[in-house]
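Let's take a walk through this protein together, one helix at a time. Have the 3D view open as you read.

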Amino acid sequence: MVDDKQIGNYTEDEMKYIVDELEDIFTRRTFEEMTPYEVLVRTILSQRTRDENTDKASESLFSVYHTMEEVADAPVEDIAELVRQAGFYNVKAARIKEVSNILLEEYDGIVPDTIDELIKLPGVGRKTANCVLVFGFQKDAIPVDVHVHRISNRLGLVHTKEPEETEDVLREILPQELWLPLNDLMVQFGQNICKPINPQHEECPFTDMCQTYIEGLE
Ligand code: SF4
(Lines give C-alpha, C1' and ligand atoms only; values in the text may rest on other atoms or scores of the structure.)
Protein backbone atom coordinates (compact mmCIF):
# COMPACT_ATOMS: atom_id res chain seq x y z
CA MET A 1 0.00 0.00 0.00
CA VAL A 2 1.54 3.27 -1.12
CA ASP A 3 1.36 6.28 1.18
CA ASP A 4 0.90 9.67 -0.58
CA LYS A 5 3.88 10.99 1.38
CA GLN A 6 6.10 8.47 -0.47
CA ILE A 7 5.18 9.94 -3.87
CA GLY A 8 7.28 12.77 -5.29
CA ASN A 9 6.10 15.77 -7.21
CA TYR A 10 6.85 14.66 -10.78
CA THR A 11 4.55 14.74 -13.78
CA GLU A 12 4.44 11.87 -16.28
CA ASP A 13 6.15 14.10 -18.85
CA GLU A 14 8.99 14.78 -16.44
CA MET A 15 9.41 11.05 -15.77
CA LYS A 16 9.48 10.39 -19.52
CA TYR A 17 12.05 13.15 -19.88
CA ILE A 18 14.31 11.47 -17.30
CA VAL A 19 14.19 8.11 -19.09
CA ASP A 20 14.64 9.75 -22.53
CA GLU A 21 17.69 11.65 -21.30
CA LEU A 22 19.20 8.49 -19.83
CA GLU A 23 18.60 6.68 -23.14
CA ASP A 24 20.47 9.49 -24.91
CA ILE A 25 23.44 9.17 -22.59
CA PHE A 26 23.69 5.39 -22.21
CA THR A 27 23.28 2.36 -24.45
CA ARG A 28 20.65 0.18 -22.86
CA ARG A 29 21.69 -3.43 -22.29
CA THR A 30 18.82 -5.83 -22.93
CA PHE A 31 20.51 -9.23 -22.53
CA GLU A 32 18.11 -10.49 -25.21
CA GLU A 33 20.74 -12.96 -26.41
CA MET A 34 20.50 -14.80 -23.07
CA THR A 35 17.90 -17.39 -22.14
CA PRO A 36 15.73 -16.80 -19.05
CA TYR A 37 17.78 -19.48 -17.26
CA GLU A 38 21.06 -17.76 -18.11
CA VAL A 39 19.60 -14.45 -16.91
CA LEU A 40 18.50 -16.06 -13.65
CA VAL A 41 21.96 -17.55 -13.04
CA ARG A 42 23.65 -14.30 -14.01
CA THR A 43 21.45 -12.36 -11.60
CA ILE A 44 22.27 -14.75 -8.75
CA LEU A 45 25.96 -14.29 -9.57
CA SER A 46 25.57 -10.51 -9.66
CA GLN A 47 24.63 -10.21 -6.01
CA ARG A 48 27.15 -8.04 -4.16
CA THR A 49 29.69 -7.83 -6.96
CA ARG A 50 30.57 -5.66 -9.92
CA ASP A 51 29.21 -6.16 -13.45
CA GLU A 52 32.56 -7.16 -14.90
CA ASN A 53 32.97 -9.90 -12.28
CA THR A 54 29.44 -11.11 -12.96
CA ASP A 55 30.08 -11.27 -16.69
CA LYS A 56 33.35 -13.18 -16.28
CA ALA A 57 31.84 -15.68 -13.84
CA SER A 58 28.76 -16.22 -16.00
CA GLU A 59 30.80 -16.72 -19.18
CA SER A 60 33.16 -19.06 -17.37
CA LEU A 61 30.32 -21.23 -16.03
CA PHE A 62 28.42 -21.48 -19.32
CA SER A 63 31.58 -22.14 -21.32
CA VAL A 64 31.88 -25.43 -19.45
CA TYR A 65 28.30 -26.32 -18.54
CA HIS A 66 25.92 -25.31 -21.32
CA THR A 67 22.50 -26.31 -20.05
CA MET A 68 20.40 -26.40 -16.90
CA GLU A 69 20.81 -30.19 -16.81
CA GLU A 70 24.58 -29.96 -16.99
CA VAL A 71 24.70 -27.35 -14.21
CA ALA A 72 22.37 -29.44 -12.03
CA ASP A 73 24.60 -32.51 -12.49
CA ALA A 74 27.89 -30.69 -12.02
CA PRO A 75 29.87 -31.08 -8.78
CA VAL A 76 29.24 -27.98 -6.69
CA GLU A 77 33.00 -27.56 -6.17
CA ASP A 78 33.48 -27.30 -9.95
CA ILE A 79 30.73 -24.68 -10.23
CA ALA A 80 32.30 -22.73 -7.36
CA GLU A 81 35.68 -22.74 -9.05
CA LEU A 82 34.17 -21.48 -12.31
CA VAL A 83 32.24 -18.64 -10.66
CA ARG A 84 35.03 -17.68 -8.20
CA GLN A 85 35.33 -14.25 -9.83
CA ALA A 86 31.84 -13.30 -8.62
CA GLY A 87 32.77 -13.59 -4.93
CA PHE A 88 30.80 -15.57 -2.31
CA TYR A 89 31.38 -18.35 -4.81
CA ASN A 90 30.64 -21.30 -2.52
CA VAL A 91 27.25 -19.89 -1.55
CA LYS A 92 26.41 -18.83 -5.10
CA ALA A 93 27.47 -22.19 -6.57
CA ALA A 94 25.31 -24.11 -4.11
CA ARG A 95 22.38 -21.81 -4.84
CA ILE A 96 22.74 -22.13 -8.62
CA LYS A 97 22.89 -25.91 -8.40
CA GLU A 98 19.90 -26.06 -6.03
CA VAL A 99 17.79 -23.74 -8.19
CA SER A 100 18.69 -25.73 -11.31
CA ASN A 101 17.58 -28.97 -9.66
CA ILE A 102 14.30 -27.44 -8.47
CA LEU A 103 13.59 -26.06 -11.94
CA LEU A 104 14.17 -29.49 -13.47
CA GLU A 105 12.17 -31.40 -10.87
CA GLU A 106 9.26 -29.03 -10.29
CA TYR A 107 9.04 -26.84 -13.39
CA ASP A 108 9.94 -29.26 -16.23
CA GLY A 109 13.14 -27.29 -16.76
CA ILE A 110 11.28 -24.09 -17.62
CA VAL A 111 11.97 -20.87 -15.74
CA PRO A 112 8.63 -19.45 -14.55
CA ASP A 113 7.65 -16.04 -15.88
CA THR A 114 5.71 -14.72 -12.90
CA ILE A 115 7.00 -12.97 -9.82
CA ASP A 116 4.97 -15.20 -7.51
CA GLU A 117 6.61 -18.38 -8.83
CA LEU A 118 10.08 -16.93 -9.16
CA ILE A 119 10.28 -15.78 -5.54
CA LYS A 120 9.51 -19.34 -4.40
CA LEU A 121 12.97 -20.34 -5.63
CA PRO A 122 15.63 -20.31 -2.88
CA GLY A 123 17.63 -17.11 -2.77
CA VAL A 124 15.44 -15.37 -5.33
CA GLY A 125 14.02 -12.14 -3.91
CA ARG A 126 11.94 -9.52 -5.66
CA LYS A 127 14.92 -7.79 -7.24
CA THR A 128 16.25 -10.97 -8.82
CA ALA A 129 12.76 -12.06 -9.89
CA ASN A 130 12.07 -8.69 -11.49
CA CYS A 131 15.42 -8.86 -13.31
CA VAL A 132 14.43 -12.23 -14.75
CA LEU A 133 11.10 -10.79 -15.91
CA VAL A 134 12.73 -7.74 -17.54
CA PHE A 135 15.91 -9.23 -18.98
CA GLY A 136 14.83 -12.86 -19.46
CA PHE A 137 11.27 -12.37 -20.67
CA GLN A 138 11.19 -8.67 -21.69
CA LYS A 139 8.14 -8.27 -19.44
CA ASP A 140 7.24 -4.98 -17.80
CA ALA A 141 8.64 -5.01 -14.27
CA ILE A 142 10.77 -2.74 -12.11
CA PRO A 143 13.83 -4.33 -10.51
CA VAL A 144 14.89 -2.03 -7.69
CA ASP A 145 18.51 -2.41 -6.68
CA VAL A 146 20.67 0.00 -4.69
CA HIS A 147 21.09 2.33 -7.68
CA VAL A 148 17.40 2.57 -8.57
CA HIS A 149 16.51 3.06 -4.89
CA ARG A 150 19.14 5.75 -4.28
CA ILE A 151 18.56 7.70 -7.49
CA SER A 152 14.77 7.64 -7.22
CA ASN A 153 15.08 9.11 -3.74
CA ARG A 154 17.74 11.65 -4.65
CA LEU A 155 15.69 12.92 -7.57
CA GLY A 156 12.63 13.02 -5.35
CA LEU A 157 10.60 10.66 -7.50
CA VAL A 158 9.91 8.73 -4.32
CA HIS A 159 10.43 9.24 -0.60
CA THR A 160 11.11 5.76 0.68
CA LYS A 161 13.35 3.90 3.08
CA GLU A 162 13.39 0.39 1.59
CA PRO A 163 13.83 -0.83 -2.03
CA GLU A 164 10.55 -2.76 -1.78
CA GLU A 165 8.74 0.50 -1.01
CA THR A 166 10.48 2.16 -3.94
CA GLU A 167 9.26 -0.60 -6.25
CA ASP A 168 5.69 -0.15 -4.98
CA VAL A 169 5.75 3.61 -5.51
CA LEU A 170 7.41 3.44 -8.92
CA ARG A 171 4.84 0.88 -10.05
CA GLU A 172 2.16 3.33 -8.98
CA ILE A 173 3.53 6.51 -10.56
CA LEU A 174 5.67 5.46 -13.52
CA PRO A 175 3.98 5.05 -16.92
CA GLN A 176 4.24 1.35 -17.80
CA GLU A 177 6.22 1.91 -21.00
CA LEU A 178 9.05 3.24 -18.82
CA TRP A 179 9.31 0.16 -16.59
CA LEU A 180 11.37 -2.01 -18.93
CA PRO A 181 14.25 0.43 -19.62
CA LEU A 182 14.42 1.96 -16.15
CA ASN A 183 16.63 -0.51 -14.28
CA ASP A 184 19.51 -0.78 -16.70
CA LEU A 185 19.58 2.96 -17.42
CA MET A 186 19.54 3.91 -13.75
CA VAL A 187 22.22 1.33 -12.95
CA GLN A 188 24.53 2.87 -15.55
CA PHE A 189 23.61 6.36 -14.37
CA GLY A 190 24.39 5.30 -10.79
CA GLN A 191 27.71 3.75 -11.74
CA ASN A 192 28.89 6.72 -13.78
CA ILE A 193 27.22 9.95 -12.68
CA CYS A 194 24.86 9.74 -9.70
CA LYS A 195 27.38 7.66 -7.76
CA PRO A 196 26.75 6.61 -4.16
CA ILE A 197 29.57 8.89 -2.95
CA ASN A 198 30.47 12.15 -4.72
CA PRO A 199 27.69 12.25 -7.30
CA GLN A 200 28.88 14.07 -10.42
CA HIS A 201 26.23 16.83 -10.43
CA GLU A 202 28.14 18.81 -13.07
CA GLU A 203 27.66 15.97 -15.58
CA CYS A 204 24.00 15.43 -14.73
CA PRO A 205 21.12 16.64 -16.93
CA PHE A 206 18.67 16.73 -14.02
CA THR A 207 20.08 19.50 -11.82
CA ASP A 208 17.06 21.73 -12.47
CA MET A 209 14.66 19.11 -11.17
CA CYS A 210 16.64 16.98 -8.71
CA GLN A 211 15.42 17.57 -5.18
CA THR A 212 18.74 16.62 -3.60
CA TYR A 213 20.69 19.03 -5.79
CA ILE A 214 18.22 21.89 -5.49
CA GLU A 215 18.13 21.58 -1.71
CA GLY A 216 21.94 21.22 -1.56
CA LEU A 217 21.71 17.98 0.33
CA GLU A 218 24.68 16.23 -1.35
S1 SF4 B 1 21.78 16.31 -9.66
FE2 SF4 B 1 23.29 15.06 -8.56
S3 SF4 B 1 22.13 13.94 -6.98
FE4 SF4 B 1 20.67 14.71 -8.50
S5 SF4 B 1 20.38 13.02 -9.94
FE6 SF4 B 1 21.99 14.35 -10.77
S7 SF4 B 1 23.93 13.49 -10.01
FE8 SF4 B 1 22.26 12.60 -8.79
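**Two sides of a helix**

Start with α6, where Lys92, Ala93, Arg95, Ile96, Val99, Ser100 and Leu103 are buried. They cover an arc of only 165° around the axis, so they sit on the same side of α6. Now spin the view around: on the other side of α6 you'll find Glu105 and Glu106, which are exposed. Keep in mind that you're looking at a predicted model.

What do the buried residues of α6 pack against? They pack against α2 (36–45), α4 (68–73) and α5 (76–82).

You can also check the length of α6, which runs over residues 89–106. At 1.5 Å a residue, its 18 residues should span 26 Å, counting one step less than the number of residues. The C-alpha atoms at its ends are 25 Å apart, which agrees with that. Follow the chain just past α6 and you reach Asp108, which takes a positive phi of about 55°.

**Where α2 meets α3**

Let's go back to α2, this time together with helix α3 (residues 51–64). Their axes come within 9 Å and cross at roughly 135°. Because of that angle, α2 counts as oblique to α3: roughly antiparallel would take an angle over 145 degrees. As for handedness, α2 passes α3 in a right-handed crossing.

Which residues make the contact? From α2 come Glu38, Val41, Arg42 and Leu45. On the α3 side, Thr54, Ala57, Ser58, Leu61 and Phe62 take part. Try picking out both groups in the 3D view, and then find α2 again among the helices that the buried residues of α6 pack against.

Technical notes. Residues numbered from 1 in each chain as written. Predicted model: local features only at pLDDT ≥ 70, side-chain atom pairs only at ≥ 80, totals over all residues. Helix = DSSP H or I, 4+ residues; strand = E, 2+ residues; numbered from the N terminus. Buried ≥ 20, exposed ≤ 12 C-beta atoms within 10 Å, placed from the backbone. Arc of directions from axis to C-beta. Contact = placed C-beta atoms within 7 Å. Axes fitted to C-alpha atoms, helices over the stretch in contact; angles between N-to-C directions. Parallel < 35°, antiparallel > 145°, perpendicular 65-115°, else oblique. Left-handed = near helix turned anticlockwise from the far one by under 90°.
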